[in-house]
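Student: Can we go through this one together? I'd like to talk about the ligand and a pocket.

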Amino acid sequence: MKPRDIAALLLPSTKKNPAKEKGIAYAPSNIALAKYWGKRNTVLNLPVTSSMSISLGNKGTSTTVSISPLERDMFFLNTKEIIEQNNFSQRLSHYLDIFRPHPHFYFKIETINTIPIAAGLASSASGFAALILALNDFFEWELDNKALSILARLGSGSAARSLWNGFVLWNAGTSEEGMDSFAEPLPYTWPKLRVGLLIVSSVEKPLSSREAMQRCQETSPFYKMWPTHVAHTIDSLKQALTQKDIHLLGLSAEQNALAMHSTMFTSHPAFSYWQTDTLTAMQKVWSLRQQKAPLYFTEDAGPNLKLLFTEEITSQVRDEFPSVEIIRPF
Ligand code: PMV
């Protein structure tokens with residue numbers, strides 16, 4: 001099955017044309033505490049394992065969809081038009097192909113990110129989630145969250161989790177066409193939880209997350225341990241959320257991130273997103289923990305860390321990491 005076949009199963013056949021002048025939506029960015037790393041289907045972005053995330057509240061993407069006045073798609077990122085064809089515009093046009101009412105229908109997409117771009121944060125997650133929500137508004141499809149999550153996943157796997165605030169679980173599912181592979185919000189809140197964005201470097205990524213996870217899956221001998229490890233992480237995270245246990249939450253998320261990065265060190269050819277300053281920051285977190293600070297980190301396919309802690313140590317975190325941007329997910 002192709003993405004367009006999936007869309008045909010989910011979209012109302014009576015609503016093929018835009019119903020209003022503009023479709024508008026916002027979606028938060030999200031940080032995985034149990035990572036999505038490896039696909040069982042690369043065309044439909046079907047994951048090997050389930051994953052779990054925390055959304056970043058008002059750090060995310062706002063998107064407006066309308067009809068392009070030109071014979072091509074138009075893209076604006078933070079009010080600046082992306083004229084040349086680059087990865088960003090090609091990936092979006094390719095995704096929009098799924099939804100064009102006819103081949104000569106072109107979209108104008110205006111996107112505003114409130115996430116610091118240099119943070120290498122999952123802007124594709126909030127980007128594709130905001131885009132599908134804005135398309136849903138534009139065409140008045142009135143899709144439910146399950147269908148929206150499936151369609152967001154076709155743009156970027158982690159986008160399946162960006163439709164909600166708070167903690168979200170993306171169930172891997174087992175079906176071939178992925179109709180059971182969608183995310184759902186989890187019924188836990190944690191108003192004292194904090195996520196600190198620590199930008200240690202804005203150096204270009206050596207590899208896209210798509211290429212990276214594929215290489216790890218195909219060549220790292222550690223990858224065979226990954227599915228069991230993630231299942232264990234998700235169980236521990238659920239227990240941590242029930243008990244509001246920051247040690248268990250932090251340790252589970254940190255170990256999961258380090259296990260993911262270990263599949264990169266052991267892949268062939270080996271690679272790493274870490275910069276010298278990434279390791280320096282990790283060692284600082286570990287040393288503060290030895291001094292009893294309940295501070296943990298997670299890291300995605302980039303050199304920057306996301307610190308995990310609770311309100312009580314906010315001022316200590318600010319003192320130790322003056323450049324940190326602190327987010328309140330709830
Ligand atoms: O959704 P993608 O293709 O950008 O992959 C995301 C991969 C990680 O950010 C490393 C993990 C995750 O679960 O978000």
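Tutor: We start with how the model was handled, then take the ligand, then the pocket.
The model is predicted: local features need pLDDT of at least 70, side-chain atom pairs count only at pLDDT 80 or more, and totals for chains, interfaces and linings use all residues. Residues are numbered from 1 along each chain as its sequence is written, and side-chain values use heavy atoms, with hydrogens and water left out.

Student: Which residues come nearest the ligand?
Tutor: Tyr36, Ser156, Ser158, Arg161 and Ser209, out of 14 around the ligand (a heavy atom within 4 Å counts as near).

Student: What lies 2.9 Å from an oxygen atom of the ligand?
Tutor: A polar backbone atom of Tyr36 does. So does a side-chain N or O atom of Ser156. For Gly157, a backbone N or O atom sits 3.5 Å from a ligand oxygen.

Student: How much of the ligand's accessible area does the protein cover?
Tutor: 93% of the 380 Å² the ligand has on its own (Shrake-Rupley, 1.4 Å probe).

Student: New topic. What is the volume of the second largest pocket?
Tutor: About 220 Å³. A pocket here is an open set of points on a 1 Å grid over the protein atoms alone, where a 1.4 Å probe fits, with protein on both sides within 12 Å along at least five of seven lines. The volume is the space filled by probe spheres set on the points.

Student: Which residues lie nearest its centre?
Tutor: Arg4, Ala8, Leu11, Lys16 and Ile98, among 14 lining residues (an atom within 4 Å of a point).

Conventions. A polar contact is a pair of N or O atoms within 3.5 Å; within protein, one must be able to donate a hydrogen and the other to accept it, and residues adjacent in sequence count only if both atoms are side-chain atoms.
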